[in-house]
There are 2 protein chains.
Amino acid sequence: MNLKELAASLNLSPTTVSRALNGYPEVRAETRARVLEAAEAANYRPNSRARRLAMGRSMAIGHVISLSEEAQMINPIFADFLAGAGEVYAREGYDLVLSIVPQDQEAAAYRQLAASGSVDGLMIQAPRCQEPRLPLLKELGLPFIVHGRTDTASDHPWLDIANRSAFKQATNFLLDLGHRRIALVNGLEQFDYAARRRRGYLEALEARGIAPDPAIMRGAEMTESYGYASAAEFLDSDDPPTAFLASSILPAIGIRRAAGERGLRLGRDVSVIAHDDVLSYLYNDGDGPAFTATRSPIRKAGQRCAELLIAQIGAPGGAPVQELWQVELTVGRTTGPCPAT
Amino acid sequence: MNLKELAASLNLSPTTVSRALNGYPEVRAETRARVLEAAEAANYRPNSRARRLAMGRSMAIGHVISLSEEAQMINPIFADFLAGAGEVYAREGYDLVLSIVPQDQEAAAYRQLAASGSVDGLMIQAPRCQEPRLPLLKELGLPFIVHGRTDTASDHPWLDIANRSAFKQATNFLLDLGHRRIALVNGLEQFDYAARRRRGYLEALEARGIAPDPAIMRGAEMTESYGYASAAEFLDSDDPPTAFLASSILPAIGIRRAAGERGLRLGRDVSVIAHDDVLSYLYNDGDGPAFTATRSPIRKAGQRCAELLIAQIGAPGGAPVQELWQVELTVGRTTGPCPAT
DNA sequence: AGATTGGCCCAAAGCGCTTTGGACATGGGC
DNA sequence: GCCCATGTCCAAAGCGCTTTGGGCCAATCT
């Protein structure tokens, strides 16, 4: 059933039917009702291919996820972000077009989406400190928003959390508990968020005159086994840390495992603070693990980014929206005073 | 730059340029080369909206993920499946259209994708025992493939792993180690895979004349905290199990935490077998946790499903492909003989 | 009364491709 | 020398919508 047939069955022109369905005013109320009813009855849905062509818009947002040697995996954090954004897209009538490509085809994927007009906007995740996609995005001329920031001054829309201050705060919290040897189990520090967290950690140490020790600072893909391996190595060293700062709940779980194997209890023998993206399947609350955590729901970020992007597509021009979200430190059961030596 | 302009710049007709670009034979080799070169130089990419309309195909596959009360989360398993499928789509020139909707809009989402012609095929994940989407899918008439099976006899394409036999095998393995009280920490048993796993578990028990105890059998969304809570409760009961069967690594991690808190060591005091979907960020190998596991990479399943679906779209008709993958039990360090009482 | 407005509707022109149905040479076979 | 196959190209007709630019008539204004 297409528009022409529907129009014929109503003895109306396609023009009128189209207008009735799309809410234009120049159609009598009675006629509109008749059209809507017939469309409903026939289960008519305008052909999106034709619609997109005629309107010159795709009603779709592109997400590109690139898999590299280092990050072979689809980051679990992406998934929750996607869920948040996806909810908004569905509500607003946008499609979500997801491109999953090898990293060396990342630029090509963006070009393809833009040049072929498959999407009306792009969602950019996990920017690096020096983000090579930025010049590309300017060139493409599509609306976009970055979840996160970059080193360089930016005049594009972004949304980020206060990573530096969160980790500074977390480090200070541990310092206040008497910990002096604090390990950093960070994400890949080529990513801006990880670099900022490291900076916050270093600033806090420096403010107390503590020299950072590279031997207990690390950055890698945030998996459980990475957290485990790092903690195992640190704890077995001559000068083990008494506290850990982890960039995600996943490595924190690994740290807990390593500690457990060594008979160490979190919050008593070893303290751990994790950044908690509030991943839905790693619920960290209530009766749960209750990691002390810097917490910021990644899913909410996805929602908000989607809203901002859609707003920008709807009304281009204007100053780029830039939102910085503060992060709360919630105290759980994995931190405690530094044990006496 | 569109086709007409490109053609004009080459003193050719749009017809010829289109044919040259799309590899049709009726174009001189020299002309084709000229066209390709010019297209490359101009960074020309055919407008996908127009292309889709003209071809009557969308070159896109739809995935619908519905969030319900019980499953508010985007399942981490979906993410890896998506990654696998996405790789194949990218390689084959298909877009991945992801709809994330509240469960009560699930059917509407499928209808919308189909009736508006946004996609050429549908990927169905996580079928329930009595899957309400199946009649809907038949009605829609789009090619689709189900990752998993259903109770009812089916004449549609699917790909599944041997869940029942895997869990039967795992249960037998524990029984052979002398365990008699084995807890089941399953996924939501409205889903077919979980029901089958339960059946495998029950069959193995029955074969040894052991009556299953509902008090240590459970099914829910497979989170870490679910595994933790279940294990905590079971272990603190009057008649605690000596072994656990978990439907995913995530609850298994929770079980490990509960055991650890109680001073119990996995593989010695308590045995655990998990089903391992080989989620990339929960790597279970090498130096890692090495859960004894029934293992089947969900990502590979995603790849294969995508391949099968695309093949079906390319050549409709023919008998539906149905693939059943066997699952290997890999012995890790979380299982051991039942401790003497 | 004639002129003007506004409400309602329609015909037709795109949107930028692909594809059908030729057109026009050229060359080989008889 | 004629015919037909072959190679190469093009004009034009869609694909199914949206949107522009009227047309017509009843209601309102002067």
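1. A base nitrogen of DNA strand D is 3.5 Å from a polar backbone atom of Ala50(A), a polar contact in the sense of a pair of N or O atoms within 3.5 Å. Within protein, one atom of such a pair must be able to donate a hydrogen and the other to accept it, and residues adjacent in sequence count only if both atoms are side-chain atoms. Two side chains also approach DNA strand D. An N or O atom in the side chain of Thr15(B) is 2.7 Å from a base nitrogen of the strand, and an N or O atom in the side chain of Arg51(A) is 2.9 Å from a phosphate oxygen of the strand.

2. The note concerns a predicted model, in which local features need pLDDT of at least 70 and side-chain atom pairs count only at pLDDT 80 or more, while totals for chains, interfaces and linings use all residues. Residues are numbered from 1 along each chain as its sequence is written, chains are lettered from A and ligands numbered from 1 in the order in which they are written, and side-chain values use heavy atoms, with hydrogens and water left out.

3. The surroundings of DNA strand D comprise 26 residues, and the closest are Leu3(A), Ser18(A), Arg19(A), Thr15(B) and Arg19(B). A residue is near a strand if one of its heavy atoms lies within 4 Å of it. Of the atoms of DNA strand D that come within 4 Å of the protein, 58% belong to sugar and phosphate. By class, the surface near this strand has eleven nonpolar, ten polar and five charged residues. Here Ala, Val, Leu, Ile, Met, Phe, Trp, Tyr, Cys and Pro count as nonpolar, Asp, Glu, Lys and Arg as charged, and the others, Gly among them, as polar.

4. DNA strand C is surrounded by 25 residues, of which the closest are Thr15(A), Arg19(A), Leu3(B), Ser18(B) and Arg19(B). Sugar and phosphate make up 59% of the atoms of DNA strand C that come within 4 Å of the protein. The surface near DNA strand C divides into ten nonpolar, ten polar and five charged residues.

5. Which elements each supply at least two residues of the surface near DNA strand C? They are α2 (14–22) and α4 (48–55) of chain A, together with α2 (14–21) and α4 (48–55) of chain B. The largest share, four residues, comes from α4(B). Helices (H or I, at least four residues) and strands (E, at least two) are DSSP runs, numbered from the N terminus.

6. Backbone atoms of chain B also meet DNA strand C. A polar backbone atom of Leu3(B) is 2.6 Å from a phosphate oxygen of the strand, and a backbone N or O atom of Asn47(B) lies 3.5 Å from a phosphate oxygen. For Ala50(B), a backbone N or O atom lies 3.5 Å from a base nitrogen of DNA strand C.

7. A turn of 180 degrees, with a shift of 0.0 Å along the axis, lays chain A on chain B with an RMSD of 0.1 Å; the superposition is by least squares on the C-alpha atoms of residues with pLDDT of at least 70 in both copies. The two copies are therefore related as by a two-fold rotation axis. In chain A, the C-alpha nearest the axis belongs to Val97(A), 2.4 Å from it. The same surface serves both copies, since 100% of the contact residues of chain A recur in chain B; contact means heavy atoms within 4.5 Å.

8. The contact takes 55 residues from chain A and 55 residues from chain B. The area buried between the two chains is about 4,600 Å², with carbon and sulfur atoms giving 60%; buried area is the accessible area (1.4 Å probe) that two parts lose on being put together, summed over both. Across this interface there are 16 residue pairs in polar contact, both residues at pLDDT 80 or more. On the side of chain A that touches chain B, α5(A) gives the most, with eight residues. The residues of that side divide into 26 nonpolar, 15 polar and 14 charged.

9. Side chains of opposite charge can pair when their charged atoms come close. A salt bridge is a side-chain nitrogen of Lys or Arg within 4 Å of a carboxyl oxygen of Asp or Glu. Between chain A and chain B the count is two; Arg256(A) and Glu224(B) meet in a salt bridge at 3.0 Å, N to O. Over all chains, the whole structure has 54 salt bridges.
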